[in-house]
Amino acid sequence: MDTPLSTIAVVGLGTMGAGIADVLARAGREVIGIDISDVAAARAVAALEASTARAVARERITEEERQDVLARFRTFSDLQAAAEADLVIEVVPESYEAKQEVFRALDAIVRPDAILATGTNALSVTRLAADSAHPERVLGLHFFAPVQAMKLVEVVSSVLTDPKAVDAVTRLAQDLGKEPVAVGDRAGFIADGLLFGYLNQAAAMYEAKYASREDIDAAMKLGCGLPMGPLALLDLIGVDTARTVLEAMYASSHDRLHAPAPILKQLSEAGLTGRKAGRGFYTYEAPGSAQVVDDALTPSASAEAGAGREVRSVGVAGSGTMASGIAEVFAKAGYRVVLAARSQEKADTAKARIAKSLARSVDKGRMTGEARDTTLALITAAGSLDAFAEVDLAVEAVAEDLEIKQELFARLDKICKPGAVLATTTSSLPVVACARATTRPQDVIGMHFFNPAPAMKLVEIVRTVLTADDVHATVREVTAKIRKHPVDCGDRAGFIVNALLFPYLNNAIKMVQDHYATLDDIDAAMKLGGGYPMGPFELLDVVGLDVSLAIEQVLHREFRDPGLAPAPLLEHLVAAGCLGRKTGRGFREYARR
């Protein structure tokens, strides 16, 4: 185990195995590819030929170097070819039986000092090791697809693994230009352990017909900056694969959030396993294609809601960052805006904040000085809600407190003219509770902007059971005019984004609380392995731990699922006043400004 890992066998030459072989051969390793299918072996060779040809065309390597890489990759159909390997990486189908068969056979073939690695992303490494003649040399080496592009490699130790084996594969991962993260043997490890719970909840949300597949995916891309929506990602991973991973996670955790949504079983058993089958949550041009094509579930333009009410002027209630951001968005789109606060001084301060934001846009060349002046001229700062008497749409953006919002809506009911649309920007409170504070609940709707409002494209449009059709149509039309992307959802805790985001964040906290992984390793795993713009702890400290706890509590009260109970560590930090960046300390410490 102290010798360099120069000859490496890859057992299983599917997409993942072929990708691993590609990376190893390019890094100067002798690669022995083994697969019982000649077709799979030929496809792996062709993939390496194509990827290296592209590298030559882009002048990243020479033709001579390309030929050296190709010569280092040899394929075989018999496991005996692994006899002289320093390391064997198995990437066969995700089944204990299949993997155990490989490991039992390898015990009789490889050298005593060879390391055996499983590429599993869900099964127990300990169970596989225990079935081996030399459990101390068995570990997990979990790459992420596409292997050539993804930096993360999870190095998984069981209680039986020799630390020297871990050190050897860790050095290998670093030599490959990867970022290795050491983890213990737990279903899903770090990245998939957090990712698949989130994907499962998205599938359940779609199955419950709470929101369309397009709106769920758009919400998570635009609201969280993710490279793919959860349902599109399930199709890419494979619905059957996701179900297998979740089954393994549930067997380990008994957490209902990991119990596979029934729709995953239905799609799997129908053969609708995602891109590879040409159909999953979406329909694709052909099996293996990434091109989505219209099907019976694709929304059509004619299916949009009917005519809405005319909106020429907008009232925004509040004086904080969100209120001023929303006012700026409407004014930029040409609407006359009344920005009302509890005093004229607060309203003027909020308008001054907008002026600074617009000035930055001018400095960066995003708008002209003339456009800035026109936008500011459309905004009237008022010290009282009485200024909303003639607005067509009133948007409240005050504190996230139900009593405060209900009191405000009761006042808007008396002040605003008949037919005015009344919208709340709440991120977690029941919209219908605001509506019932008025005598016109049919005119009330949720319009959840994301912070910072001028930059974030998403608006969750939340209609209650009392919201009128033309009110819904009005807000969708207005959202399009202010160049935001509307997604429709019902009036339940968290709507789309927070209902999917915060259980994921809560589960990350539980990983640290259980001493399974460090803050840094979890953040790195989700950025490098999941494509997240921020790790969960970076995001929690930005959002605010008190805000995060409040949302977790609302979700737990609404759905009454034990798995949604806020992690005690989060509660303790909030009780200690460690609220994130705004206090200088949350999960991490920050320099005081």
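**View 1. Strands 5 and 6 pair in the parallel sense.** In this predicted model, three bridges connect strand 5, residues 115–118, with strand 6, residues 138–143. A117 has L139 of strand 6 as its bridge partner. Both strands belong to an open sheet of eight strands, ordered 3-2-1-4-5-6-7-8. The pairing within this sheet is mixed. Strand 3 (73–76) and strand 8 are its edge strands, and each of them pairs on one side only. From one strand to the next, the twist averages 25°.

**View 2. Strands 7 and 8 run parallel and are joined by a right-handed crossover.** Strand 7 covers residues 152–157 and strand 8 covers residues 179–184, with six bridges between them. Opposite L152 stands E179 of strand 8. Between the two strands the chain passes through helix 6 (residues 163–175), and this β-α-β crossover is right-handed.

**View 3. Helix 8 is mostly covered.** The helix consists of 12 residues, 213–224. At 1.5 Å a residue it should span 16 Å, and its end C-alpha atoms are 16 Å apart, so the two values agree. Nine of the 12 residues in helix 8 are buried. These are R213, D215, I216, D217, A218, A219, M220, G223 and C224.

**View 4. Strands 14 and 15 run parallel in a second sheet, which is open and has eight strands.** The strand order here is 13-12-11-14-15-16-17-18, with mixed pairing. Strand 13 (379–382) and strand 18 (485–490) stand at the edges; each has a single partner strand, so one side of each is left without a neighbour in the sheet. The twist averages 25° from one strand to the next. Within the sheet, strand 14 (residues 393–396) is joined to strand 15 (residues 421–424) by four bridges. The bridge partner of E396 is T424 in strand 15.

**View 5. F330 and F449 form an edge-to-face aromatic pair.** Five aromatic pairs are found in a search of the whole structure. In the pair of F330 and F449, the ring centres are 6.2 Å apart and the planes meet at 65°. The cut-off for edge-to-face is over 60 degrees between the planes, and the angle in this pair is 65°. The pair links distant parts of the chain, as F330 lies in helix 12 (residues 321–332) and F449 in strand 16 (residues 444–449), 119 residues apart. Strand 16 is also a member of the sheet ordered 13-12-11-14-15-16-17-18. F330 counts as buried because its relative accessibility is 0%. F449 counts as buried because its relative accessibility is 2%. Together with Y335, F330 and F449 form one aromatic cluster.

**View 6. R186 lies over the face of Y516.** The distance from R186 to the ring centre of Y516 is 4.6 Å.

**View 7. R492 lies over the face of Y210.** Here the distance from R492 to the ring centre of Y210 is 4.0 Å.

How values were computed:
Residues numbered from 1 in each chain as written. Predicted model: local features only at pLDDT ≥ 70, side-chain atom pairs only at ≥ 80, totals over all residues. Heavy atoms only, no water. Pairing = 2+ DSSP bridges. Right-handed = clockwise from strand over helix to strand, strands pointing away. Phe/Tyr/Trp six-rings, centres within 6.5 Å; stacked < 30°, edge-to-face > 60°. Buried < 20%, exposed > 50% of the residue type's maximum accessible area, 1.4 Å probe, protein only. Lys NZ or Arg CZ within 6 Å of the ring centre and 35° of its normal. Axes fitted to C-alpha atoms, helices over the stretch in contact; angles between N-to-C directions. Expected span 1.5 Å × (residues − 1).
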